[in-house]
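Reader: I would like a close look at one part of this chain. Start with the overall layout, then take me to the loop that follows the opening helix.

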Amino acid sequence: MIFRILQVAFTMPSSCSAYNCFNTSAQGYALVRYPHDETLKRKWIAAVGRGKNWSPGCQRLCEVSSNVQYAL
Ligand SMILES: [Zn+2]
């Protein structure tokens, strides 16, 4: 199971981290990093719908999902 998760992580390094969003850079979407600003980053985390304790780590967000965050 852990191996499977790692395999997925390695084969899809540039997919969107938003809940229920499956856009990838391979599909032509621009993927952006989470902001360094803590307040802004928390807003994004709240908006991706993965819970308050979820941390994006080195994951990214696609342009569609990040536009949703900017609209907040
Ligand atoms: Zn997305």
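How many helices and strands does the chain have? And what surrounds Ala18, in the loop between α1 and β1?

Author: This is a predicted model. The chain has three helices and two strands. From the N terminus on, the order is α-β-α-β-α. Of the 72 residues in the chain, 19% are buried. Take the contacts with a separation of 6 or more: residues 24 or more positions apart account for 62% of them.

Now the loop. Ala18 sits between α1, residues 2-11, and β1, residues 31-33. Is Ala18 buried or exposed? Ala18 counts as buried, because it has 23 C-beta neighbours inside 10 Å, and the cut-off for burial is 20 or more.

Ala18 belongs to the largest nonpolar core. That core has eight residues. The other members are Cys16, Tyr29, Tyr34, Trp44, Val48, Leu61 and Cys62. Two elements each supply at least two residues of this core: α2, residues 38-48, and β2, residues 60-62.

Which residues does Ala18 touch, leaving aside its neighbours within four places in sequence? They are Val48, Leu61 and Ser65. Val48 and Leu61 are themselves listed in the core. Look at Val48 in particular. Val48 is 30 residues from Ala18 along the chain, yet their C-alpha atoms are separated by 4.6 Å.

Stay in the loop and move to Asn20. Asn20 also lies between α1 and β1. Its setting contrasts with that of Ala18: Asn20 counts as exposed, because it has 8 C-beta neighbours inside 10 Å. The limit for exposed is 12 or fewer. Check the backbone here too. Asn20 is not a glycine, but its phi is positive, at about 70 degrees.

Finish on the helix side. Val64 is found in α3, which covers residues 63-70. Val64 is partly exposed, because 13 other C-beta atoms lie within 10 Å. Beyond four places in sequence, Val64 is in contact with Asn23 and Tyr29. Tyr29 is also one of the core residues. Cys21 gives another distance to check. Val64 and Cys21 are 43 residues apart in sequence, and their C-alpha atoms are 9.2 Å apart in space.

To recap the three residues: Ala18 is buried, Asn20 is exposed and Val64 is partly exposed.

Key:
Residues numbered from 1 in each chain as written. Predicted model: local features only at pLDDT ≥ 70, side-chain atom pairs only at ≥ 80, totals over all residues. Core = buried A, V, L, I, M, F, W, Y, C linked by C-beta atoms within 7 Å. Helix = DSSP H or I, 4+ residues; strand = E, 2+ residues; numbered from the N terminus. Contact = placed C-beta atoms within 7 Å.
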